[in-house]
Each structure stands twice: as structure tokens, then as C-alpha cells.
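Colleague: I should like to learn how to read a ligand site and an aromatic pair in a model. May we go through them in turn?

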Amino acid sequence: MEESMVAGVAEAFSRVDGVMHCEDVPLTELVARWGTPLYVYSKSAIRERFRELHEALAPVPHLIAYSVKANGNLGVLRNLAELGAGADIVSAGELHRAQLAGIPGERIVFSGVGKTVHELAAALSAGIYAFNVESEGELCSLSELACAMGLRAPVALRVNPDIDTPTPHAYTRTGHAATKFGIAAARARTLYSIAAKMPGIRVRGIDVHIGSQILDVAPFRDALAYVLDLAHDLKREDVDLEFLDLGGGLGISYEGEKRITAAEWAAEIVPAVAETGLKLVVEPGRFLVGEAGALLTRVLYVKEGGGKRFVITDAGMNDLIRPSHYSGWHAVEPVEQPGRDRARVDVVGPICETGDFLALDREMELPKPGELLSIMTVGAYGFSMSSQYNQRPRPAEVMVDGAEATLVRRRETLEDLVAAETGLDAG
Ligand code: PLP
């Protein structure tokens with residue numbers, strides 16, 4: 001039996017006698033059971049990533065608050081919850097999921113620029129660890145609400161350190177002054193003094209999140225320096241802190257790029273945090289789940305036109321929007337390797353948009369209609385950004401653990417597409 005790792009992707013996916021497997025299960029078997037398009041996740045890949053980070057942060061008290069937006073499937077959340085992960089949430093919906101997965105309130109932090117009063121109240125009732133407050137208005141609403149509920153809200157101010165982080169796309173940079181995120185650096189100290197006197201607020205920490213898919217330690221070093229400086233000043237003003245939250249953003253390998261290992265990252269961060277005696281909170285999403293997922297799709301047609309060759313698949317931008325929205329690059333692998341000639345193609349979906357593609361101008365083995373392709377490294381911001389656009393039921397999701405595969409979300413049906421609508425009853 002010949003085994004090989006699939007180039008540039010996590011060890012979770014490998015070939016055995018030419019057929020791609022997730023852990024010990026052939027992807028062909030998963031498709032035979034559950035059809036396409038199909039999201040597949042490796043349980044052990046997620047667990048390994050979590051352990052790597054947990055061990056690297058071991059020298060300091062820490063909380064790994066998994067960023068639910070990356071992949072909120074309850075199977076994924078339960079898997080992480082069992083390992084001791086907390087959750088970084090941005091909505092009442094994500095709070096609900098975290099709670100269903102058994103993540104206790106004291107391990108939840110709540111980020112986001114537009115939390116509604118209803119969401120603030122739900123999180124207060126859940127007894128979360130911290131609200132990462134992003135504006136003065138939010139701080140006032142939260143204090144008022146907490147007082148009305150007879151509580152004090154634990155708060156970190158999310159500060160915008162004005163760091164222009166190099167990420168692959170402008171949409172994933174969140175740490176420079178011109179973005180909507182966080183509280184302007186120049187205003188942060190004043191707002192901390194105000195917060196410390198508010199009756200419904202208990203200041204607990206400082207929070208930053210500078211961007212996503214970061215492959216260089218320098219921006220993290222800069223963000224930490226900013227946070228340490230602020231913590232130092234607050235200490236002098238008798239503002240008592242308990243934690244520093246450095247957000248998420250650790251990058252992964254999509255195209256064979258070298259990612260920062262958790263140990264390399266921690267070597268930059270942990271010693272300085274240890275000196276403060278404060279707890280370290282991190283909010284990784286992509287790092288934990290990105291490389292653990294693949295999207296399986298069937299080739300419907302292959303056609304030529306305008307000097308191009310199009311491979312048309314049954315998965316489209318509604319199933320995976322990263323290529324179109326972020327110019328995200330994903331390896332496209334044949335599930336079985338017939339060893340055919342290579343050709344330059346656009347891999348496109350069935351959606352009525354020119355922007356509906358999974359890969360552009362890609363040299364690959366030319367597949368035939370009916371064959372299966374695996375779109376790699378889609379465990380993060382894959383299913384969680386999917387939609388029903390063009391009235392397409394969303395794909396099923398499967399979790400593989402060794403030789404066992406479990407359906408963790410069934411495929412949506414045509415009934416699901418209209419289940420919430422009342423238009424036919426309206427008269
Ligand atoms: N924390 C916050 C506040 C975020 O906005 C995000 C992503 O957008 C994350 C954490 C997770 O980022 P990543 O998946 O890059 O780790």
C-alpha cells in the first residue's frame with residue numbers, strides 16, 4: 001500500500017493507493033454515503049492544533065477562546081470544548097452555539113462593533129468572562145443595562161493600535177486606524193478612566209485583534225508592545241487588570257507557505273506576558289480548524305470557450321465564498337488520481353455570477369465529468385460563510401475520527417429553503 005501526504009495541506013488528508021483519505025476514511029466512501037458538495041473535517045487535526053497552542057502557552061495562565069465565526073458547527077465546538085477551549089463570539093447566535101456545545105460562560109469573550117442590547121443582555125445573563133467593548137456608546141449601554149440587571153459587566157476595551165498588518169487581503173486587516181474596529185489609540189486611556197468609574201462596569205482587561213492569516217511575528221510583537229505599554233500606564237492609574245487578550249490571526253498554510261508555529265509565536269509573546277502576571281487570552285479561529293477541512297465536489301461538465309477551459313462543479317460560491325470574496329487560494333485535488341494530462345483551467349460553480357469560482361487559471365490534472373475534486377484547507381470560513389444564494393440547500397458536514405465518520409450537519413432540503421417564510425399565508 002502506497003501512502004503519500006497531499007502537497008501543501010495538513011496531514012489530516014493523505015493518499016492511500018492514489019485515493020485521497022481523511023484520516024483513515026477514503027473520501028469516495030464519504031461521498032457514497034452523503035453526496036456532494038460535502039464538507040469533511042478531521043477531528044484529530046483540530047485536536048492536534050489545539051494541543052500545540054495549549055502547550056506553547058503553558059508557562060502563563062491562559063484561555064484559548066476559539067473564534068466561533070471560523071466554523072461554528074456544534075461537532076467542532078464540542079470537540080474543542082472537551083479540550084478546555086473557550087469561545088470568542090460575535091453574536092447571540094454564536095453565544096447560543098457555544099452554550100449548546102457546553103462551553104461555560106466563564107470561558108466566553110464577546111467581540112464585535114455592533115452588539116445589540118438584546119445580545120448584551122443575553123451575554124450578561126450567561127455570565128461571560130469579558131465583553132470586548134469597541135466604542136464609548138457600547139460601554140454606556142452596557143453599564144446602564146448591567147445596572148438595570150443588578151450586575152457589573154466584566155469589560156476589556158478593544159483598542160485599535162493602528163498597526164497596518166500585512167495580510168493577503170485588505171478585508172482581513174483590522175488593526176489600523178481607518179478600520180471600524182476598536183477604540184482609537186488616542187482615546188483609550190481616557191475611556192479606561194471613564195469605564196473604571198462606571199457603576200455597571202468592572203474593568204478586567206485589554207483586547208486587540210489586528211487581522212487574520214498573519215504569517216509574520218512582527219505585527220504580533222508590535223501589538224503586544226502597544227498593549228504592554230497601555231497596561232503599564234493603567235497600573236499607574238490604579239486600574240486593576242486581570243488579562244490581556246491578543247486576539248486571533250495566526251496564519252495557516254494554503255499554498256505551502258510557512259506558517260508560524262505556536263511555539264515560535266509563543267516565544268515572542270509569552271515571556272513578556274509572564275512578567276506582567278496577567279492571564280493571556282487568545283482568539284484563534286483559522287489556526288485551529290482551517291487545515292482540518294476539505295470540500296468535496298463533483299465535476300458536472302467541462303467546456304471550452306473564449307480561449308479558456310472551464311471545469312464546472314456542483315459546489316459554488318454559495319458553498320465556499322473565500323476565492324471570490326477574499327481572492328482566497330485553495331488547492332484543488334482530484335480525489336482519485338487517474339494520472340491524466342495537466343491543463344490550465346478555471347474551476348467554476350453553477351451560480352449565475354461571473355465571480356462564482358473556486359480556482360482561476362489553475363494548472364491541474366484535467367478531470368472528466370462525474371469525477372470528484374477536493375477543495376483543500378476550507379475548515380475555517382468555509383461552511384460558516386456559506387449561503388443559500390440561488391436557492392441552493394447548503395452542504396452536509398462530516399467529522400472523521402480515525403476510521404469513523406459522523407454526520408455533524410445534514411444536507412439542507414428544499415423545505416429548509418422556505419421553512420421560515422410566511423409569504424404564502426399573507427393573503
Ligand atoms: N477575534 C476577532 C475579534 C476576530 O474578528 C477574528 C476574525 O475575524 C478572530 C478573532 C479570529 O481570527 P482568525 O481566524 O484569523 O484567528
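Colleague: Which pocket is the space taken by the ligand?

Modeller: Please note at the outset that this is a predicted model. The ligand takes up the space of the largest pocket.

Colleague: How many residues surround the ligand, and which are the closest?

Modeller: The shell holds 14 residues, and the closest are Ser212, Gly249, Glu283, Arg286 and Tyr381. By class, the residues of this shell comprise 7 polar, 5 charged and 2 nonpolar.

Colleague: What polar contacts does the ligand make with Ser212, Gly249 and Arg286?

Modeller: In general, a polar contact is read as a pair of N or O atoms within 3.5 Å. Here, a side-chain N or O atom of Ser212 is 2.3 Å from an oxygen atom of the ligand. With Gly249, a polar backbone atom is 2.8 Å from a ligand oxygen. For Arg286, a backbone N or O atom lies 2.8 Å from an oxygen atom of the ligand.

Colleague: How much of the ligand's accessible area does the protein cover?

Modeller: On its own, the ligand has 400 Å² of accessible area, of which the protein covers 91%.

Colleague: Turning to the rings, how many aromatic pairs are there?

Modeller: Rings pair if their centres lie within 6.5 Å; the count here comes to 5 aromatic pairs. One of them is formed by Phe110 and Phe131, with 6.1 Å centre to centre and 40° between the planes, and is tilted.

Colleague: Which parts does the pair of Phe110 and Phe131 tie together?

Modeller: Phe110 belongs to strand E8 (residues 108–110) and Phe131 to strand E9 (residues 130–133), so the pair ties together parts that are 21 residues apart in sequence.

Note on methods
Residues numbered from 1 in each chain as written. Predicted model: local features only at pLDDT ≥ 70, side-chain atom pairs only at ≥ 80, totals over all residues. Heavy atoms only, no water. Near = heavy atom within 4 Å. Polar contact = N/O pair within 3.5 Å; in protein donor to acceptor, adjacent residues only side chain to side chain. Areas by Shrake-Rupley, 256 points an atom, 1.4 Å probe, with all protein chains shown as cover. 1 Å grid on protein atoms, 1.4 Å probe; cavity = no way out; pocket = protein on both sides within 12 Å on 5 of 7 lines; lining within 4 Å. Sits in = over half its atoms within 2 Å of the grid points. Nonpolar A, V, L, I, M, F, W, Y, C, P; charged D, E, K, R; others polar. Phe/Tyr/Trp six-rings, centres within 6.5 Å; stacked < 30°, edge-to-face > 60°. Helix = DSSP H or I, 4+ residues; strand = E, 2+ residues; numbered from the N terminus.
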